[in-house]
Each structure stands twice: as structure tokens, then as C-alpha cells.
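Colleague: Please show me how to read the way helices pack against one another, and how a cavity is described.

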Amino acid sequence: MGAPSAPGAPPAPGAPPALGAPPTPGAAPTPGAPSASGAPPGAGPTPGPAPGDYRAAFNVARLAMAVVDREGRVRDANPALGALLGTDPAVLTTRSAADLANLREDPRTWKEYRDVLGGRLARLRRTRRLLRADGHALWAEVTIEPAPDSRSLLLSMADISDQRDLQGRLRHLQMHDPVTRLPNRSLFFERMTSALEAATYDHGGTGRIGLCYLDLDGFKAVNDTLGHRVGDRLLGAVAQRLTECAAPGGHLVARLGGDEFALLVRNSTGTEQLCDLARSLLAALQDPFDVGGQRLSVSASIGVVERPAAGTHTTWLMQAADTTLYWAKEDGKARWTLFDPERNAHRMTRQALSSTLRPAVERDEFVLDYQPLVGLGDGVVRGVEALVRWDHPQFGRLSPNRFIPLAEENGAIVPLGRWVLRTACRQARAWQLANPTHPLVVSVNVAVRQVWDSDLVADVGTILAETGLPPHLLQLELTESAVMGSTGRPLQALQRLSDMGVPIAIDDFGTGYSNLAYLSRLPVSTLKLDGSFVQGFRAEEHPNPADETIVEALVQLAHRLGLTVTAECVESAEQAERLRRIGCDTGQGWFYSRPVPPDRIQTMITCPASG
């Protein structure tokens, strides 16, 4: 760059105008127009720096600067800019400012730069990575904005490499785990988000993403028995082996916290690639670890997810991986499990049902159907079993096996059981009033959690008083596993209910303890034989005679203990006849009737069931 022009001298032909340069001497001013200094016509000269002062300041400034025209070409560069980029500033003239400042790298920056050139945006400021002439890189804060009192623009660059290095070191500390030196949870999520975005828009890759979510089995025992220092050293050794497995493919390995690790596979090629990686991870952890003079063995459970990146969010991906990891542990640990959309849909349905059970009771979404209990000797309906259904607004009518286990898990069985009990007793009382000479016993299933989590005795007493139903017309059914071994509160509750005159039945008898001797000490009046016994009574299948012998022995022993016996799942006349011959008291099953609404039961009360 040549020496600055003398004050007041016109610029050389082809040279860029100096910053703040006045009009060419001798040029006729436009009538009525203000002078170059902005003063109105006729006003005296305004004191201020001469053009040469601007030029001198431009040249001696420590801030790297260049004058850029509206086409984006460098018209002048000061020595500081040449020093920053490691070249003669004269070489920079006519160069593209966008290339010097690396403004073409991303579409948004490039658009805003063009807007500044066109006068549609006042300023652009970005942090950019620049290359010096000697090949070394530096970080600079780049600003481009209109120069004052000029049609040109001013490009400035401030070297912030030291600040950037310090920020980088601090960021590394913030984004890496101090125990394993692996990327931590924050950096992993940042990289995963970046990978999803890149895979969506980068048409050169596979457009897919994969994740292995790993949890060490039994690591807590190491910490508890050998201390956290040994545990940390074990984590470091595990991290080293995981890194070695991931290195050939360049996959990201991170410690998400505790004993949880994750491997991110960008541009994955399909589920087989992820499954192979999971196998190699498990194999790498099979050999014992030498930690502090001790040989420690650990295994891992791995959840594997692989899918298209388009439409995938980090939250969904991690939830799917976490769910799949849970499946791996549930299936026995020390294994990998691949994400299954159908299994996940079932899990989501379970969660949806579980979360809406209690509100559904309040919204009266449940109904009761009733299945007759028929005397095997005379075919007369002796009672009914109340069976709850859920008229779900989204999934339609649901059978008990879809929601009763969920209700027992989350405690909703208590309000639901109370509703079933009240509704069944109210209906039984209505039948009694309509048919006083032929009252029906209504049998209601009770979960063991209802005995523990509520005052079942008080609930029964209150409901019987409200409905006016005599206690002997209500029978409570509990499963064999719930009744056998009952001590303390459950046994006391059963005894008090029996003392109130409420019969107690054991449901699905024969699938659990089958301890008839223990039954003698329980306040039980009825055994309901599990349907698996009755299945062996199908004549056309040539059953083993031992089935009938076992049932006959159970019936005789039950009768000697003063108990009545009901056979479940009776589906044919042959089964009903054989059960009658061996002394079974009542039968229940589709041979007599499917579960039906209460109005259908009314027609059966006085008519012997014929199947």
C-alpha cells in the first residue's frame, strides 16, 4: 500500500476514496444542498480532522481493518490486517472480503453479509476461524459495517485466539468426565443433536443414526464393598476398553453418569452394524479387570437403537435407548437388546392405561358383566361372578387382564375394587328384591393389595349397610397365592369378614401351594378349581385318567373340610357330566354362559341352565 496522499490533493486515478474524503475541489455543489460536512449552504467551515488524519489513523491502528466496496472487494487494507494474516497488505487489495473473513462457510452468515453489502442490514459480527499465509489458524472476531460519511464499508478483525483457547480449555473441563476423561452427558447430547441435524441435511451420508446405551451390571456392589476409589478405577478401565472397541469406526463414546455409557454411531448402515458393535462391547468386557491388585469381573446390559435420522429427536432416541436397556436387564442382564417398536407400543399403552386408571374410576368408565355359577346337580343358577370391563375412550372395551395387573402395581386397585364391590352389591340387592325366593350370591374378586392398602372389612361393612345386601349373598374371591401363608393383617381381615357372615373363596386353586391342611386353619368356604384341571376332562382328546383322579381326590378332601367346590372353565356337556359324577358342586364356564350384562342374568335366575 502506497503512502497517504497529501492533504487536499485529489486521489490518484483508480485509487479508492479515502475514508471521509471531501468532494473533488472545483466541483459545483448542488444548489441548496448541504456541504460535505453536513453544514447548510452559506455556513462557515466546520472544524474537524482533515482527510489525512483519517488515513494516518487507519494506517497506524492496531486493529486490523480494510475498506470494502459495495461489491465486496477490498479497496484498501491497513498494516495491522497484513500482520494478522501474515502477508503484505497490498496483496489483499481487490481480494474478496468474504474469502478473507471466511464468511461463506454457513448459509446464514453469507446471507447476512450480502444484506450488509446491500444496505439491508446495519452490521454483521461473527467469530470465524481464519488461515494465515503460513498455514497457521487463528480465531478472530470479524465485524463489517458501513464506514461513516462514505459509500464504502469497514471490515475489522480482532484476534481472539488466546480467549478462544482459554474458553476451549474451560469447555473441555465442563464437557468431559474427570474420572474416565470421556465426553460427559452434556457433550454427548450436543454431539447427538448435531449428528441428527447433519444426517437430515447431508445427502452424502446414510441419513441414519445408531446408539448403544450401556449399563454395568452389579457395579454398585463394587462401590459398596471395595470403595469409590476402586470403583472409579474400574470405570476408567471400562472406558478404555469401550474406546478401543469404538475407535475403528470413529464412534463417540461418552459416560452419561454413574455406571452408564453410550456409543453414538453417525451415518449407521443398519441394525446389523449396531448389533455387531453391541456384541463386541460385551466381548470386550468379558475378561477380568486388574484394579488395585484385584481381579474384578463385570458384565453389561446394552440397549440398541438404530433408525433414520429424519424426524428423530434426541429425547425420543434416548427414551428408546433407555427403554431397550431396561428390557435387556429385565430379560436377564449381561446381554444386548434391540429396540422393538411393537414391544415399545405395548409399553406405551401400559403407561397410558396406568396413568388414566384412577381418573377412569371417577369418570365411570368401568362396567360389570356377570358369569353364572351353576349347580352341577340341577342346572340352577346359584350365583354369579362379577367381572369388570373398562370401556376405554381410545382402546375400546378392555378385559381385566389388560388393566388389573396395572391397577395392582400403582394402587388404583383400591378405588377400583371399592367401586366393583359397591356396584356388584347394589346389583345383587336388586336381584334379591326382584326374586326374593331365589336370591343370588355375587362373587367379587379381591386383590391382596386391597387387604393391605385399605380397610377392606370397613369397606365391606359400609357397602353392605348402604345396599341392604345380606352378608351371605356376597362372596369374596382371593387367589390361592394371596390366601396361603396369610398372617397378621390379611388373616385377621379374612377372619373378621367370615365372622360377619361373608363367604371366602379361593380362586384358581391348584396353581399355587394347594395345601389343604393349611386350609383347615383359614376361614374359607369355597374352592374354585383352576381351569387347567377341567381341560383334561375333554373326552375327545383322550385325556390322562390321572386328571380325573386328582380332581376327585381334591373334591373329596374339600368336602371333608366342609368346603364347597366350583369348577372353572367348563366348556362342554361331557365335562359338566363328569364333574357332576365326581361330586363337584357348581360349574362356571362358556358351556353355561359367557359373561353378560345384568339384564341377561335376570332371565337365567329361575330357568335351569342347559348350555
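Modeller: Let us start with one contact: on the α14 side R418, L421, R422, C425, R426 and R429 meet D459, V460, I463, L464, E466 and T467 of α16, contact meaning heavy atoms within 4.5 Å. By class, this contact of α14 with α16 has five nonpolar, one polar and six charged residues, where Ala, Val, Leu, Ile, Met, Phe, Trp, Tyr, Cys and Pro count as nonpolar, Asp, Glu, Lys and Arg as charged, and the others, Gly among them, as polar. This is a predicted model, in which local features need pLDDT of at least 70 and side-chain atom pairs count only at pLDDT 80 or more, while totals for chains, interfaces and linings use all residues. Residues are numbered from 1 along each chain as its sequence is written, and side-chain values use heavy atoms, with hydrogens and water left out.

Colleague: At roughly what angle do the axes of α14 and α16 cross?

Modeller: Two packed helices are described by the angle between their axes and the distance between the axes. Helix α14 (residues 413-434) and helix α16 (residues 456-467) cross at roughly 30 degrees, and their axes come within 9 Å; helices are DSSP runs of H or I with at least four residues, numbered from the N terminus, and axes are lines fitted to C-alpha atoms over the stretch in contact, with angles from 0 to 180 degrees between N-to-C directions. The two helices α14 and α16 are therefore roughly parallel, the word for angles under 35 degrees, whereas over 145 is roughly antiparallel, 65 to 115 roughly perpendicular and the rest oblique. The crossing of α14 over α16 is right-handed, that is, the near helix is turned clockwise from the far one by less than a right angle.

Colleague: How are α11 and α12 oriented to each other, roughly parallel or roughly perpendicular?

Modeller: Helix α11 (residues 314-330) packs on helix α12 (residues 341-362) at about 95 degrees, their axes being 11 Å apart, and α11 and α12 are therefore roughly perpendicular. T323, W327 and E330 of α11 make this contact with R343, N344 and R347 of α12, which by class gives one nonpolar, two polar and three charged residues.

Colleague: Which residues of α12 meet α13?

Modeller: From α12 these are T349, R350, L353, S354, L357 and R358, and from α13 they are R402, F403, L406, A407, E409 and N410. The angle between α12 and α13 (residues 400-410) is about 65 degrees, with the axes 9 Å apart, and α12 passes α13 in a right-handed crossing.
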